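Welcome, and please open the model in your viewer with side chains switched on. We will go from one selection to the next and look at what is there.

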Amino acid sequence: MNWGKGIILVTGAFMVFIISLVVMMCRTDQFLVAEDYYKQELAYQDQIDRIKNVQGLDGVVTVELSSDRKTAFVALPSEMIGKIKEGQIHWFRPDNARLDVAQPIEDNEIGRWVCDLSQMKKGRWRVRTTWTDGQKEYFDEKVITL
């Protein structure tokens, strides 16, 4: 084998490698953190205010998993019982937006909600809880691993 054939073989192998990388890159799903990411960034001061509103409460938001990790119990501070106008528990999966689950919350007498996790994929989740009492909005985020 002479140098000319070797250079052609190495160049051909490099081209096949680059084409393989381009094909793999095109087939990979790309997810943004949120579809309206730029709109959320522009209104981030509102998010900071929501977080500060939660920090101003006497209690904390808790997320407890059952022993088999198929059920979660989300509880809001007791001072919010009877005041919630609307809210949502958003199970956010950072690596795949298709796995996200949103569960509305309505005011109840105990301030605690049960979430069925049996269909959810194992791994790291962010539990984003948002609610309003009609005057202020609140936001809390917990990270759990199923």
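## A charge over a ring

Start by selecting Arg128 and Phe92: Arg128 lies over the face of Phe92, at 4.1 Å from the ring centre. Keep in mind throughout that this is a predicted model.

## The largest pocket

Leave Arg128 selected, as this residue also belongs to the next stop. Arg128 is among the residues closest to the centre of the largest pocket, together with Gln40, Gln47, Arg50 and Phe139. The pocket holds about 660 Å³ of space, and 22 residues line it.

Which elements should you colour to see the lining? Choose α2 (37–42), α3 (44–55), β3, β6 (124–132) and β7 (137–145), each of which supplies at least two lining residues. The largest share comes from α3, with five residues. Colour the lining by class and you will find nine charged, eight nonpolar and five polar residues.

## Two aromatic pairs

Now show the aromatic rings; the structure holds two aromatic pairs. For one of them, select Tyr37 and Tyr38, whose rings are edge-to-face, with 5.5 Å from centre to centre and 80° between the planes. Are these two residues buried or exposed? Tyr37 is partly exposed, at 34% relative accessibility, while Tyr38 has a relative accessible area of 64% and is exposed.

Then move to Trp131 and Tyr138. Their ring planes are at 10° and their centres 5.1 Å apart, so this pair is stacked. Trp131 and Tyr138 are both buried.

## Ile84 in its loop

Keep Trp131 on screen and add Ile84, which is in contact with it. Ile84 sits in the loop between β2 (71–75) and β3 (86–92). Is this loop residue buried or exposed? Ile84 has a relative accessibility of 7%, under the 20% cut-off, and therefore counts as buried.

Beyond its neighbours within four places in sequence, Ile84 contacts Leu76, Asp107, Trp113, Trp131 and Thr132. Add Glu137 too: this residue is 53 places from Ile84 along the chain, and their C-alpha atoms are separated by 9.9 Å.

## Last stop: Arg69

Finally, select Arg69, in the loop between β1 (62–65) and β2. Check its backbone torsions: Arg69 is not a glycine, yet has a positive phi of about 60°. With a relative accessible area of 41%, Arg69 is partly exposed.

How values were computed
Residues are numbered from 1 along each chain as its sequence is written. This is a predicted model: local features need pLDDT of at least 70, side-chain atom pairs count only at pLDDT 80 or more; totals for chains, interfaces and linings use all residues. Side-chain values use heavy atoms; hydrogens and water are left out. Helices (H or I, at least four residues) and strands (E, at least two) are DSSP runs, numbered from the N terminus. Buried means under 20% relative accessible area, exposed over 50%, partly exposed in between (1.4 Å probe, protein chains only). Contact means heavy atoms within 4.5 Å. On a 1 Å grid over the protein atoms alone, a cavity is a set of points where a 1.4 Å probe fits but cannot get out, and a pocket is an open set with protein on both sides within 12 Å along at least five of seven lines; lining residues have an atom within 4 Å of a point. Grid points are joined across faces, edges and corners, and a volume is the space filled by probe spheres set on the points. Ala, Val, Leu, Ile, Met, Phe, Trp, Tyr, Cys and Pro count as nonpolar, Asp, Glu, Lys and Arg as charged, and the others, Gly among them, as polar. Rings of Phe, Tyr and Trp (its six-membered ring) pair if their centres lie within 6.5 Å; planes under 30 degrees apart count as stacked, over 60 as edge-to-face and the rest as tilted. A charge sits over a ring if NZ of Lys or CZ of Arg is within 6 Å of the ring centre and within 35 degrees of the ring normal.
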